[in-house]
Amino acid sequence: MATGNYYVQRNNKNIETIERLLDEELPSFCYDYFLAIDGQTSTLTRLNYAHDLKIFFYFLQEKKFRKSKQVKEFTLEDLESVTSNDVEYFLSYLSHYFYADKGHTCNERAKARKLFSVRAMFKFFFNKGFISVDNTAKVATPKLHEKPIIRLDKNEVFNILDIAESGSGLTPHQMAYHEKNKVRDSAILTLFLGTGIRISELVGLNNDDLNFKDNSFIVTRKGGSKSILYFDDAVADALKRYLEYKENGSEILEEPNALFISNNRKRITVRAVENLVKKYAKIVSPLKKISPHKLRSTYGTQLYQATGDIYIVADVLGHKDVNTTRKHYAAISDENRRGVVGKVKLKRDDE
């Protein structure tokens, strides 16, 4: 398969899900909104909007209209009747609600995202003159508290790569699969920690995206743009070892050009990568909840500490806004904090 087919397939799947939600679970006036934002947003962004709006309209059906009408029956007049108090109630409702017979909770960031999705739709219909008032603009965004930045320290980086190779600390059940997967898992962890790529970028890699002549590879960024990134010899060695292992296998692959393959001979999934990172990280640092994104944070922090150049870090990580990079990777690290111990004297030198 040609490079990029993974992303085409993913986008097509997202579009199909959006169309199903529009047909079955969202009011008919939402068609106009999603058509208008089609050329300005990614399929993943629109899918997230659709899911957020689905919950909002379900809330209106349950709490505002008391089940007197179905969501598919909602009109723009119903949208216009939504007050700022309704929206504030919605944000409170998100703290704990039931949907499809399951309980759900939203933290402050999830609430803020859903409010953004709702506001964007109301703003569209208000600007177009389809509704005369937009009361969502009167509702304050939930206060977002700073989250602690979690990453692996240098020794933990070494340890997680050692464990992926040796299997030390794995359960007997996990060890049953380790011999088959250790070369692949080591390559995945090394690629994360040596380049800082996103999980979607890693899953979408194909064999022919790699160029060992100059140790580079092509990644498809968020939004579909492509970038060339470079890796060191440690990453190159891990990738070459994995490619050799894969070539020597006798399995018939569903997608021969996919770089990372699952145990069922298909392109590895995002969920599978998340699980394998969690498996090894839990042994290395049980108190830290390490995800692929935390491995990306680990790389970004170490790169900034090594270069001191926030702009090159932003470029390598594919950040459009350097302030995002500065916020997450230029923070004072635990290592810096320990380094200041004893710098302030509380006694005279001769005491």
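## A buried loop residue with positive phi

Asn215 is buried, at a relative accessible area of 11%. In this predicted model, Asn215 sits in the loop that links β3 (210-211) to β4. Its backbone deserves a look too: phi of Asn215 is positive, about 50°, although the residue is not a glycine. As background, most residues other than glycine have a negative phi.

## An exposed counterpart

Lys67 also has a positive phi, near 65°, and is likewise a residue other than glycine. Its loop runs between α3 (43-64) and α4 (76-80). Is Lys67 buried or exposed? Lys67 counts as exposed because its relative accessibility is 55%, and the cut-off for exposed is over 50%. Asn215, at 11%, falls under the 20% limit and is therefore classed as buried.

## A nonpolar patch at the surface

Let us move on to strand β4, which covers residues 216-220 and contains Ile218. Ile218 is partly exposed, with a relative accessible area of 32%. That value lies between the 20% and 50% limits, so "partly exposed" is the right label.

Which residues form a nonpolar patch on the surface with Ile218? The partners are Ile228 and Tyr230, and together the three residues have about 310 Å² of accessible area. Ile218 can belong to such a patch because its 32% passes the requirement of over 30% relative accessible area.

## How α5 and α6 pack

Two packed helices are described by the angle between their axes and the distance between the axes. Here the pair is helix α5 (residues 84-93) and helix α6 (residues 108-127), packed at an angle of about 145°. Their axes are 10 Å apart, and the crossing is right-handed.

What do the two helices bring to the contact? From α5 come Val87, Phe90 and Leu91. On the α6 side they meet Lys111, Lys114, Leu115 and Val118.

## Ser200 and its distant partners

Our last stop is Ser200, placed in helix α9 (residues 199-203). Ser200 is buried because its relative accessible area is 19%, under the 20% limit.

Which residues touch Ser200, once its neighbours within four places in sequence are left aside? Ser200 is in contact with Tyr6, Tyr7 and Arg10. Thr269 is worth picking out as well: Ser200 and Thr269 are 69 residues apart in sequence, while their C-alpha atoms are 9.0 Å apart in space.

How values were computed:
Residues are numbered from 1 along each chain as its sequence is written. This is a predicted model: local features need pLDDT of at least 70, side-chain atom pairs count only at pLDDT 80 or more; totals for chains, interfaces and linings use all residues. Side-chain values use heavy atoms; hydrogens and water are left out. Patches are made of residues with over 30% relative accessible area and no salt bridge: like charges are joined within 9 Å, nonpolar side chains (Val, Leu, Ile, Met, Phe, Trp, Tyr) within 5 Å. Accessible areas come from the Shrake-Rupley method with a 1.4 Å probe; for residues, only the protein chains shown count as cover. A salt bridge is a side-chain nitrogen of Lys or Arg within 4 Å of a carboxyl oxygen of Asp or Glu. Helices (H or I, at least four residues) and strands (E, at least two) are DSSP runs, numbered from the N terminus. Buried means under 20% relative accessible area, exposed over 50%, partly exposed in between (1.4 Å probe, protein chains only). Axes are lines fitted to C-alpha atoms, for helices over the stretch in contact, and angles run from 0 to 180 degrees between N-to-C directions. A crossing is left-handed if the near helix is turned anticlockwise from the far one by less than a right angle, and right-handed if clockwise. Contact means heavy atoms within 4.5 Å.
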